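Hi everyone, thanks for coming. I'd like to walk you through one structure today, starting with its aromatic rings and ending with a few spots along the backbone. Let me put it on the screen.

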Amino acid sequence: MHSTHIAIIASVVAVSGTVANADIVRVDEFRSDQTESFEQLRMDVFHHGDVESFGGMGTLFSVGESGYLHTTGSWSFHQRVAAFDGERLLGSNAGIGYRFNEAQRSFGGFFSSITSDADGEIRFYSGEDLVGTDTLDAPIDTSWAWNGWSSDQEFDRVEIESSYISKGYLLHDAIRVLSSAVPSPGGAVLAFGGLLVIARRKR
């Protein structure tokens, strides 16, 4: 009986902790006036340093000391991938970061990997504080995958790294942000389900 009570308490703590810390939730594709498709960036083909983006509202940068930003119509490594929207995409040999002049609540775009390793990681920051992290879907079959998130806390920086050893060669296109949250019915269901589990286990 004692061990059963311990197991129940541990389960309740684990579930309630997940709900309390779920600051970042996935959302379906959303529209925004604040978009970046990398069509008219003022940068070298292989650019070291920051690049103004989102019409001056944001800055692109490479995550890593030796990284560069690369804009092109298509890029090939293990496989070739062409731009998803328009004529340009953005890539790097390292991770890619987005810094915003104003706080945001939602971020999304289309992503693809040109390495043999699918997917990656995204991190959201407010100043130097980490708001949350999540996995990012990036296929290796030359297709693009939508990834979108909303946060119950504001963020002003986003960093994205691939699963590849250098953390790079993950392509970005049609990126957009919003200063407001996007409704996520799925996130509400998960939280509600967690509360149901707690209620049932307390009986």
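First, a definition: rings of Phe, Tyr and Trp, taking the six-membered ring for Trp, pair if their centres lie within 6.5 Å, and a pair counts as edge-to-face when the planes are over 60 degrees apart. By this rule the count here comes to 15 aromatic pairs. Please keep in mind that what you see is a predicted model.

Let's take one pair as an example. How are the rings of F46 and Y68 arranged? Their centres are 5.1 Å apart and their planes meet at 85°, so this pair is edge-to-face. It also links distant parts of the chain, with the two positions 22 residues apart in the numbering. F46 belongs to strand 3, residues 46-47, while Y68 is in the loop between strand 5 (58-63) and strand 6 (69-72). The two partners also have their own burial classes: F46 is partly exposed because its relative accessibility is 43%, and Y68 is buried because its value is 16%.

Another edge-to-face pair is F107 with F124, at 6.5 Å centre to centre and 80° between the planes. F107 lies in strand 10 (residues 95-113) and F124 in strand 11 (residues 120-126), so this pair ties together parts that are 17 residues apart in sequence. Both F107 and F124 are buried.

Now let's widen the view. Which residues do ring pairs link into a cluster? They are F54, Y98, F100, F107, F124, W149 and F155.

Some rings also have a charge for company. The charged end of R99 sits over the ring of F61, 4.3 Å from the ring centre. F61 is in strand 5, and it is buried because its relative accessibility is 8%. While we are at F61, its C-alpha atom is 9.6 Å from that of S92, although 31 residues separate them along the chain. In another case, the charged end of R157 sits over the ring of Y125, 4.0 Å from its centre.

On to the nonpolar cores. As a general background, nonpolar side chains in soluble globular proteins tend to be buried together. In this model, the largest nonpolar core has 27 residues, and those with the most contacts inside it are Y98, F107, F124, V158 and I160. You will recognise Y98, F107 and F124 from the ring cluster. Which strands supply at least two residues each to this core? That would be strand 10, strand 11, strand 12, strand 13 and strand 14. Strand 10 gives the largest share, with 5 residues. There is also a second, separate core of 16 residues, and F110, W144, Y164 and A174 are among them.

Next, some empty space. The second largest pocket holds about 170 Å³. What lines this second largest pocket? Its lining is made of E36, E39, Q40, L41, R42, E52, S53, F54, G55 and G56. By type, the lining residues divide into 4 charged, 4 polar and 2 nonpolar. F54 is worth a second look, since the ring cluster includes F54 as well.

Let me turn to the backbone. Most residues other than glycine have a negative phi. T142 has a positive one, near 75°. You can find T142 in the loop between strand 12 (129-136) and strand 13 (145-162), and T142 is partly exposed because its relative accessibility is 41%. K167 also has a positive phi, near 70°. Its place is the loop between strand 13 and strand 14 (170-178), and K167 is partly exposed because its relative accessible area is 37%.

Finally, two more contacts across the sequence. P139 is found in the loop between strand 12 and strand 13. Is P139 buried or exposed? P139 is buried, with a relative accessible area of 17%. From C-alpha to C-alpha, P139 and T115 are 9.5 Å apart in space and 24 residues apart in sequence. G120 sits in strand 11 and is buried, with a relative accessible area of 11%. The C-alpha atoms of G120 and S162 are separated by 4.0 Å, with the two residues 42 apart along the chain.

That's my tour, and I'm happy to go back to any part of it.

Note on methods:
Residues numbered from 1 in each chain as written. Heavy atoms only, no water. Phe/Tyr/Trp six-rings, centres within 6.5 Å; stacked < 30°, edge-to-face > 60°. Helix = DSSP H or I, 4+ residues; strand = E, 2+ residues; numbered from the N terminus. Buried < 20%, exposed > 50% of the residue type's maximum accessible area, 1.4 Å probe, protein only. Lys NZ or Arg CZ within 6 Å of the ring centre and 35° of its normal. 1 Å grid on protein atoms, 1.4 Å probe; cavity = no way out; pocket = protein on both sides within 12 Å on 5 of 7 lines; lining within 4 Å. Points joined across faces, edges and corners; volume = space filled by probe spheres on them. Nonpolar A, V, L, I, M, F, W, Y, C, P; charged D, E, K, R; others polar. Core = buried A, V, L, I, M, F, W, Y, C linked by side-chain atoms within 4.5 Å.
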